[in-house]
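Here is a short set of exercises to work through with the coordinates open beside you. Try each task before reading its solution.

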Amino acid sequence: MYAFITLASGLVFGLGLAFSEMTNPAVVIGFLDIMGDWNPSLIIVMASAIGVGVIGYAIKNKRIKPLVASTWQVPNLRHIDSQLIIGSGLFGIGWGLSGYCPGPGLTALTNNPNEGLYFIGALIVGSGLHFLQNKATQK
């Protein structure tokens, strides 16, 4: 059951990305280009995502445990540190330059394989560097 719900959630998320054109880097870059040819349509996507999150937290707060897991897995870190600031900055710069974030970047492997390979390659290298840095600091 857990695998089915995970698959269904991923499919709904992917369809939402496709219908909202978040998989099209030109639309995303158009949204981020507030001084040029600005495309405000993704505000609706963001507002919808916030709405889904609010509903999800409301459901979580009314239930003792999830339907298909033993405990809730909710982030509990509340502090802002240099890793968060640097990581957020790198994510934002990469998203702004390429128009891709990880979910839509995976779709680029089929929509635009040349760009997709570069993006996924950079994503893997960045994730590997983060893993190695965490491993080094835990010793």
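**Exercise 1. Find what share of the chain's residues count as buried, then describe the overall build.**

Step 1. Of the 139 residues in the chain, 15% count as buried, where buried means under 20% relative accessible area, exposed over 50% and partly exposed in between, with a 1.4 Å probe and protein chains only. Keep in mind that this is a predicted model, in which local features need pLDDT of at least 70, side-chain atom pairs count only at pLDDT 80 or more, and totals for chains, interfaces and linings use all residues. Residues are numbered from 1 along each chain as its sequence is written, and side-chain values use heavy atoms, leaving out hydrogens and water.

Step 2. Now list the elements. The chain has six helices and zero strands; helices (H or I, at least four residues) and strands (E, at least two) are DSSP runs, numbered from the N terminus.

Step 3. For the extent, take the principal axes: the C-alpha trace spans about 50 × 40 × 30 Å along them.

Step 4. Finish with the contacts, meaning heavy atoms within 4.5 Å. Among contacts in the chain with a separation of 6 or more, 37% come from residues 24 or more positions apart.

**Exercise 2. Work out how α2 packs against α3, and then against α4.**

Step 1. Begin with the geometry of the first pair. α2 and helix α3 (residues 42-62) pack at an angle of about 90°, and their axes are 10 Å apart. Axes here are lines fitted to C-alpha atoms, for helices over the stretch in contact, and angles run from 0 to 180 degrees between N-to-C directions.

Step 2. Classify the angle. α2 is therefore roughly perpendicular to α3, given that angles under 35 degrees count as roughly parallel, over 145 as roughly antiparallel, 65 to 115 as roughly perpendicular and the rest as oblique.

Step 3. Name the partners. V27, V28 and F31 of α2 make the contact with L42, I43 and M46 of α3.

Step 4. Sort those residues by type: the contact of α2 with α3 has six nonpolar, no polar and no charged residues. In this scheme Ala, Val, Leu, Ile, Met, Phe, Trp, Tyr, Cys and Pro count as nonpolar, Asp, Glu, Lys and Arg as charged, and the others, Gly among them, as polar.

Step 5. Repeat for the second pair. α2 and helix α4 (residues 82-98) pack at about 115°, with axes 8 Å apart. P25, V28, I29 and L32 in α2 meet W95, G96, L97 and S98 in α4. The residues of this contact divide into six nonpolar, two polar and no charged.

**Exercise 3. Decide whether T23 and P25 are buried or exposed, and find their partners****.**

Step 1. Locate T23 first: it sits in the loop between α1 (2-19) and α2 (25-32). With a relative accessible area of 16%, T23 is buried.

Step 2. Not counting residues up to four places away in sequence, T23 touches L17, A18, Y100, P104, T107 and N111.

Step 3. Move on to P25, which is in helix α2. P25 is buried too, its relative accessible area being 16%.

Step 4. Leaving aside neighbours within four places in sequence, P25 is in contact with S98, G99, Y100 and E115. P25 and C101 are 76 residues apart along the chain, and their C-alpha atoms are separated by 9.2 Å.

**Exercise 4. Characterise the packing of α5 with α6, then compare α6 with the record.**

Step 1. Helix α5 (residues 102-111) and helix α6 (residues 113-137) pack at an angle of about 140°, their axes lying 6 Å apart. The two helices are therefore oblique to each other.

Step 2. P102, G105, L106, A108, L109, T110 and N111 in α5 meet P113, G116, L117, F119, I120 and L123 in α6. By type, the contact residues are nine nonpolar, four polar and no charged.

Step 3. Turn to the record: an unreviewed UniProt entry places "transmembrane region" at residues 42-59, 80-97 and 117-133. Its positions are given in the numbering used here, feature names are shortened, and annotations may be inferred rather than shown by experiment.

Step 4. Check two of these spans in the model. Residues 117-133 are 100% helix and 0% strand, with end C-alpha atoms 24 Å apart. Residues 80-97 are 89% helix and 0% strand, with end C-alpha atoms 25 Å apart.
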